[in-house]
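User: I am new to this structure. Could you show me how to read its features, one at a time?
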Amino acid sequence: MIDFSMADFSKVLTRYDVKTQVVETPEQAAAKMLPSDPLMKAVAEAVLFKKVKEVAPAMAAAMKQYPPAQVINDGLVAGIDAVGKLYADHVYYLPDMMVAAKVMEMGIKLAEKAMGGARETKADVVMHAAEGDPHDIGKNIAAAMMKAAGYNVIDMGRDVPVKDAVAKVIEVKPLLISGTALMTTTMSAFPAEAKLMQEAGLNIPLMGCGGAVNREYATSYPLGIYSAKAPQTALIAQKILDGYDWQKINEEWDSIVGGN
């Protein structure tokens, strides 16, 4: 019989990928990522630390000194960027993202009210959950982050029929259309949408997202691109604004999203 009494299994059983991973606390992320200006920092902290009751007074104080659009970009967006980093590092989880996104939405509405209406947006984006899929939490988070990044989000909701989604794209000619699917039985809506869009002569990227979707599937049909996490959606949208088509997005996806 082999004698294992002197064996050291620590090096065999250690998860070095986890051990070497540097994970920041929310406080450390705040110190590195949030603005130094105290007014903007208070707005960003309301988002980062999910302070629902503090976002309104923080926004009011910041907008006394800065234009509302600047408060959105330098305060709210800074906060949600830090949230996205913590989510990617598995420090924050889905409930944290949901509350932070809600705080950010509250801030955006306050800023828009101060501006006397909706602010000027970069482009229209259509977002929906796939036909037959009742799950829209991920879509809602991504939609909130896209609004904060300056896009006009046309949110069609959940369980959106394929033909309705394509009809909306034909109507508004958005920068992109994003669809989410949490169930494998509903993700087949995306290639069906892509086919109808091509038949209509559209070359608009169709972003596949959600727990049921992976990169291989989302890029297996024409027009298809992929977003693994909500914070990646705005990064990809910016590249489309810069002139990237769906093929180039797929070619440079790793560099666009930072490999996450």
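Analyst: We go from the overall picture to single residues. Keep in mind that this is a predicted model.

User: How many helices and strands does the protein have?

Analyst: The protein has 14 helices and 5 strands. Its accessible surface is about 13100 Å², and 55% of that belongs to carbon and sulfur atoms.

User: What share of the residues counts as buried?

Analyst: Of the 260 residues, 43% are buried. Sequence separation is worth a look too. Take the contacts with a separation of 6 or more: residues 24 or more positions apart account for 70% of them.

User: How do I read the nonpolar core? Which residues touch the most other members?

Analyst: The general idea comes first. In soluble globular proteins, nonpolar side chains tend to be buried together. Now this case. The largest nonpolar core has 82 residues, and M104 and I236 touch the most other members. Helix α6 gives the most to this core, with 9 residues.

User: What is I236 in contact with, beyond its neighbours within four places in sequence?

Analyst: Its contacts are M207, I225, Y226, S227, I249, W253, I256 and V257.

User: Now a single helix. Which residues of α5 are buried?

Analyst: Helix α5 spans residues 55-63, and its buried residues are V55, A58, M59 and A62. These residues lie on the same side of α5, because they cover an arc of only 100° around the axis.

User: What do the buried residues of α5 pack against?

Analyst: They pack against three helices: α4 (38-48), α6 (68-88) and α7.

User: Which residues form the nonpolar patch on the surface?

Analyst: The patch is made of V52, L94, M98, V99 and I137. Together they have about 350 Å² of accessible area. Helix α7, residues 94-114, provides the largest share, 3 residues.

User: Take L94. Where does it lie, and why can it belong to a surface patch?

Analyst: L94 lies in helix α7. A patch residue needs over 30% relative accessible area. L94 has 36%, so it passes that cut-off. It counts as partly exposed.

User: And T180: is it buried or exposed?

Analyst: T180 is buried, because its relative accessible area is 11% and buried means under 20%. T180 sits in strand β3, residues 176-180.

User: What does T180 touch, not counting residues up to four places away in sequence?

Analyst: T180 touches H128, A129, A130, H135, K139, F190 and C209. Set the two residues side by side: T180 is buried, whereas L94 is partly exposed.

Methods: Residues are numbered from 1 along each chain as its sequence is written. This is a predicted model: local features need pLDDT of at least 70, side-chain atom pairs count only at pLDDT 80 or more; totals for chains, interfaces and linings use all residues. Side-chain values use heavy atoms; hydrogens and water are left out. Patches are made of residues with over 30% relative accessible area and no salt bridge: like charges are joined within 9 Å, nonpolar side chains (Val, Leu, Ile, Met, Phe, Trp, Tyr) within 5 Å. Accessible areas come from the Shrake-Rupley method with a 1.4 Å probe; for residues, only the protein chains shown count as cover. A salt bridge is a side-chain nitrogen of Lys or Arg within 4 Å of a carboxyl oxygen of Asp or Glu. Helices (H or I, at least four residues) and strands (E, at least two) are DSSP runs, numbered from the N terminus. Buried means under 20% relative accessible area, exposed over 50%, partly exposed in between (1.4 Å probe, protein chains only). Contact means heavy atoms within 4.5 Å. The arc is that of the directions from the helix axis to the C-beta atoms. A nonpolar core is a set of buried Ala, Val, Leu, Ile, Met, Phe, Trp, Tyr and Cys residues joined through side-chain atoms within 4.5 Å.
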